[in-house]
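Hi,

Here is the structure I said I would pass on. Have a look at it first, and then read my notes underneath.

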Amino acid sequence: MTKQKDYLGQFEEIVLLAILRLGSNSYGTKIRQTVEEALEKSVSIGAVYTTLDRLEQKGYLTSWQGEASPQRGGRAKRYFEVSGAGEKALKDTNFARHRLSKGLVLA
Amino acid sequence: MGIELSDEGLKSSLQREQRLRPRPGVPDLEKTEAHRSIVGKDVEAVLNENARANYPKSYPPVAGEKLFVLILSREERRTNILGDLAEEYCELAEKFGERFATLWYYKQVAASVLPLIRKAARWSLLLWAGELIRKLTH
């Protein structure tokens with residue numbers, strides 16, 4: 001019996017990749033900036049957090065409260081990390097894309 | 001100015017905030033029942049002049065922060081998002097000036113409203129409608 005595969009939405013995949021790239025420094029501001037840099041277009045913090053919440057609900061992310069700082073008006077950061085299930089979903093999505101694009105020549 | 005609040009924690013937060021506020025004339029949230037039920041415990045985080053005194057040089061526009069407080073239902077998310085925006089605001093203000101940073105902040109508010117409202121509406125629209133009907137028919 002084959003294991004059920006999980007596939008990610010486009011923005012979900014990008015956010016997960018950004019978190020993997022940032023490593024331990026993965027919190028809202030940095031995730032937003034990394035995604036914006038990669039997409040070369042403006043990305044809102046609301047869209048990022050909506051996606052982060054959805055990914056966390058699906059079990060693809062874990063999060064924990066970090067330290068506060070004066071620049072944040074004394075408000076704490078929330079750090080994110082990709083879970084095992086999240087990595088699996090990334091692999092499945094990447095595999096499906098690879099299978100579909102194999103042999104195609106894209107301009 | 002007295003405020004009648006049922007939530008003791010919020011009442012003491014507001015009282016503490018009013019005592020600590022060093023600058024007169026800072027705009028205050030309307031102390032209506034609807035606002036209190038929406039804003040909840042993050043009123044202090046938004047209006048607290050003590051927090052603003054912690055910013056190194058500049059701080060985000062109050063109106064922008066109020067908008068986020070109104071549209072974000074989860075207290076924790078409010079704190080996280082407001083903190084993230086404040087951090088980036090301070091960075092931009094240092095690099096490009098406060099005017100640029102303020103414009104950027106309001107652009108973030110405008111761009112974030114729809115996804116956040118859509119998300120909040122999914123969970124709380126029915127509750128909000130029920131509450132509104134109850135208040136109108138009361």
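In this predicted model, helix 1 (residues 10-22) and helix 3 (residues 45-58) of chain A cross at roughly 85 degrees, with axes that come within 10 Å. Angles of 65 to 115 degrees count as roughly perpendicular, so that is what we call helix 1 of chain A relative to helix 3 of chain A. On the helix 1 side of chain A, the contact is made by A:Phe11, A:Glu12, A:Val15, A:Leu16 and A:Ile19. Helix 3 of chain A brings several residues to it, including A:Ala47, A:Val48, A:Thr51 and A:Leu52. Sorted by class, the residues of this contact are eight nonpolar, one polar and three charged.

Next, helix 2. Helix 2 and helix 3 of chain A pack at about 110 degrees, and their axes are 10 Å apart. These two helices of chain A are therefore roughly perpendicular to each other as well. Here A:Gly28, A:Ile31 and A:Arg32 of helix 2 meet A:Ile45, A:Val48, A:Tyr49 and A:Leu52 of helix 3. That contact has five nonpolar, one polar and one charged residues.

You can also check the length of helix 2 of chain A yourself: at 1.5 Å a residue, its 12 residues should span 16 Å, and the end C-alpha atoms are indeed 16 Å apart. Several residues of this helix are buried, among them A:Thr29, A:Ile31, A:Thr34 and A:Val35.

Now zoom in on A:Arg32, which is found in helix 2 (residues 28-39) of chain A. Is A:Arg32 buried or exposed? Its relative accessibility is 1%, and the cut-off for buried is under 20%, so A:Arg32 counts as buried. Which side chains does A:Arg32 make polar contacts with? One is A:Glu36, at 2.7 Å, and another is B:Glu88 in chain B, at 2.5 Å. Leaving aside neighbours within four places in sequence, A:Arg32 is also in contact with A:Val43, A:Ser44, A:Ile45, A:Val48, B:Trp104 and B:Gln108, among others.

Last stop: A:Glu40, just after helix 2 of chain A. This residue lies in the loop between helix 2 and helix 3 of chain A. Most residues other than glycine have a negative phi. A:Glu40 is not a glycine, yet its phi is positive, at about 55 degrees. Unlike the buried A:Arg32, A:Glu40 is exposed, with a relative accessible area of 74%.

Cheers

Conventions. Residues are numbered from 1 along each chain as its sequence is written. Chains are lettered from A and ligands numbered from 1 in the order in which they are written. This is a predicted model: local features need pLDDT of at least 70, side-chain atom pairs count only at pLDDT 80 or more; totals for chains, interfaces and linings use all residues. Side-chain values use heavy atoms; hydrogens and water are left out. Helices (H or I, at least four residues) and strands (E, at least two) are DSSP runs, numbered from the N terminus. Buried means under 20% relative accessible area, exposed over 50%, partly exposed in between (1.4 Å probe, protein chains only). A polar contact is a pair of N or O atoms within 3.5 Å; within protein, one must be able to donate a hydrogen and the other to accept it, and residues adjacent in sequence count only if both atoms are side-chain atoms. Contact means heavy atoms within 4.5 Å. Axes are lines fitted to C-alpha atoms, for helices over the stretch in contact, and angles run from 0 to 180 degrees between N-to-C directions. Angles under 35 degrees count as roughly parallel, over 145 as roughly antiparallel, 65 to 115 as roughly perpendicular and the rest as oblique. Ala, Val, Leu, Ile, Met, Phe, Trp, Tyr, Cys and Pro count as nonpolar, Asp, Glu, Lys and Arg as charged, and the others, Gly among them, as polar. The expected span of a helix is 1.5 Å times one less than its number of residues.
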